[in-house]
Amino acid sequence: QVQLVESGGGLVQPGGSLRLSCAASGRIFFITTMRWYRQTPGKERELVAAIIRGGSTNYADSVNGRFTISRDNAKNTLYLQMSSLQAEDTGVYYCNADLEQSPNSGLDEYWGRGTQVTVSS
């Protein structure tokens, strides 16, 4: 059983910062790409940022320059440093990962349950 557990969400004022974490645990052999998505009421879930195992990253235009995605491969942990937060960043943030549970078992996709981020004065 693989679990992805997000933490670090909360209420923050506009212009503030938050750091999200996502810890992957269970039977894990190898994690390739890890991602952060977010969902706001009435909108589809959108990709915020992604990082491959080697460290290359990409970002949604709306967060580029404000958010930084990173990972610790030894700890199977994903991070999202969010700065200059705006009301439009409010939503539930989900961790996503492609991983193998054993050698040559093939990649499966896993999701966390999400953490709420609210940007409001």
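The following questions and answers deal with the salt bridges and the disulfide in a predicted model.

Trainee: How many salt bridges does a search of the whole structure find?

Mentor: A pair counts when a side-chain nitrogen of Lys or Arg is within 4 Å of a carboxyl oxygen of Asp or Glu. D98 with R35 is one such pair, and E46 with R38 is one as well. Over the whole structure, the search gives four.

Trainee: Which residue forms a salt bridge with D98, and how many residues apart in sequence are the parts that the pair ties together?

Mentor: The partner of D98 is R35, with the closest N and O atoms 2.7 Å apart. D98 belongs to strand 9 (residues 91-100) and R35 to strand 4 (residues 30-39), so the parts tied together are separated in sequence by 63 residues.

Trainee: Are D98 and R35 buried or exposed?

Mentor: Buried means under 20% relative accessible area. D98 has 14% relative accessibility, and R35 has 16%. Each value is under the cut-off, so D98 counts as buried and R35 likewise counts as buried.

Trainee: In the salt bridge of E46 with R38, which residue is buried?

Mentor: The closest N and O atoms of this pair are 2.6 Å apart. E46 has a relative accessible area of 32%, which makes it partly exposed. The value for the partner is 4%. The buried residue is R38.

Trainee: Where do D89 and R66 lie, and how many residues apart in sequence are the parts they tie together?

Mentor: The side chains of D89 and R66 meet in a salt bridge, at 2.8 Å from N to O. D89 is in the loop between strand 8 (77-82) and strand 9, while R66 is in the loop between strand 6 (57-59) and strand 7 (67-72), so the parts tied together are 23 residues apart.

Trainee: Which residues do salt bridges that share partners join into one network?

Mentor: D89 and R66 form a salt bridge, and both residues are buried. Through shared partners, this network comprises R38, E46, R66 and D89.

Trainee: Which cysteines form a disulfide, and how many residues apart are they?

Mentor: The count comes to one disulfide. The sulfur atoms of C22 and C95 are 2.1 Å apart, and both cysteines are buried. C22 is in strand 3 (residues 18-26) and C95 in strand 9, so by these strand assignments the pair links distant parts of the chain. The cysteines are C22 and C95, 73 residues apart.

Trainee: What is the handedness of the disulfide of C22 and C95?

Mentor: The torsion about the S-S bond of C22 and C95 is about -75°. With that torsion, the disulfide is left-handed.

Definitions and conventions. Residues are numbered from 1 along each chain as its sequence is written. This is a predicted model: local features need pLDDT of at least 70, side-chain atom pairs count only at pLDDT 80 or more; totals for chains, interfaces and linings use all residues. Side-chain values use heavy atoms; hydrogens and water are left out. Helices (H or I, at least four residues) and strands (E, at least two) are DSSP runs, numbered from the N terminus. Buried means under 20% relative accessible area, exposed over 50%, partly exposed in between (1.4 Å probe, protein chains only). A disulfide is a pair of cysteine sulfur atoms within 2.5 Å.
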